[in-house]
Amino acid sequence: VEQAAIETTGIGERPPTILHLGGHERNRGTRLMIAAFHQVLREMPEARLQLVGHYAPPDLEDEVRADVAHRGIDHAVTIAGRVPFETIGDYLKQAAVGWIAWQPVPKNEKNIPTKLFEYMAYGLPIVAGDLRSIQPFVQNGENGYRVIADDPAAHAEAILKLLRHPSAAQRMGERGQKLVQMEYNWDEMEKRLLIFYEELLS
């Protein structure tokens, strides 16, 4: 968290790049992202999408590349695959929006995506599906937008709102960064857990 704050100090306005960081799976909305980004690109031709992370199953990457080529948007989509851990910060610093397209399946309603806090640590406003696992952390208009998880048009609309208003998006990102620094980090959670255990044992 401290390193992210240092790396983003004075970074200013970022290019219109949307980042998805982490594993790509069908239940994580990988194909939905391509459909939604295609809509974004029609409205904002300078927008770019970076997909960083492995694919499961591996042939999903072939599907994504074929879909991107079929739509004629391969000039605007980077499929980076798995990257060295030490380079992740570079991708986070270059992005304007952090994207979580998880779909409403039982597993995703329970699991909290780690990328959520990585995005916030680097000052990225977030676009994410309106899932129970995400609702406590993303407040609409405060640090990003929650949208109908399986609706590409809703994802596209929220992304465009952020890209078209970079100053407002930057303020949202800064609010998210403060949340990670003050609340959503291991040091803070460790203190709360210790207090909780002491109350249980006393």
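On one side of helix H8, Lys178 and Met182 are exposed. The other side tells a different story: Ala169, Met172, Gly173, Gly176, Gln177 and Val180 of H8 are buried. Looking down the axis of H8, those buried residues fall within an arc of 140°, so they line one face of the helix. That fits the general picture, since an α-helix has 3.6 residues a turn, so residues three or four places apart point the same way. Bear in mind that this is a predicted model.

How far apart are the end C-alpha atoms of H8 (residues 166-182)? They sit 24 Å apart, and because 17 residues at 1.5 Å a residue should span 24 Å, the two values agree.

H8 also turns up at the largest pocket, which has a volume of about 320 Å³. Of the 22 residues lining this pocket, Gly12, Glu13, Arg14, Pro166 and Gln170 lie nearest its centre. H8 gives the largest share of the lining, 6 residues. The elements that give two or more residues to the lining are these:

| Element | Residues |
|---|---|
| helix H1 | 2-8 |
| helix H7 | 152-164 |
| helix H8 | 166-182 |

Now for the sheet. It is open, built from 6 strands in the order S3-S2-S1-S4-S5-S6, with parallel pairing. Strand S3 (77-81) and strand S6 (144-147) are the edge strands, each pairing on one side only. From one strand to the next, the twist averages 20°. Strand S2 (residues 48-52) runs parallel to S3, and 4 bridges join the two. Within this pair, valine 52 stands opposite glycine 81 in S3.

Technical notes
Residues are numbered from 1 along each chain as its sequence is written. This is a predicted model: local features need pLDDT of at least 70, side-chain atom pairs count only at pLDDT 80 or more; totals for chains, interfaces and linings use all residues. Side-chain values use heavy atoms; hydrogens and water are left out. Two strands pair if DSSP finds at least two bridges between them. Axes are lines fitted to C-alpha atoms, for helices over the stretch in contact, and angles run from 0 to 180 degrees between N-to-C directions. The expected span of a helix is 1.5 Å times one less than its number of residues. Buried means under 20% relative accessible area, exposed over 50%, partly exposed in between (1.4 Å probe, protein chains only). The arc is that of the directions from the helix axis to the C-beta atoms. On a 1 Å grid over the protein atoms alone, a cavity is a set of points where a 1.4 Å probe fits but cannot get out, and a pocket is an open set with protein on both sides within 12 Å along at least five of seven lines; lining residues have an atom within 4 Å of a point. Grid points are joined across faces, edges and corners, and a volume is the space filled by probe spheres set on the points.
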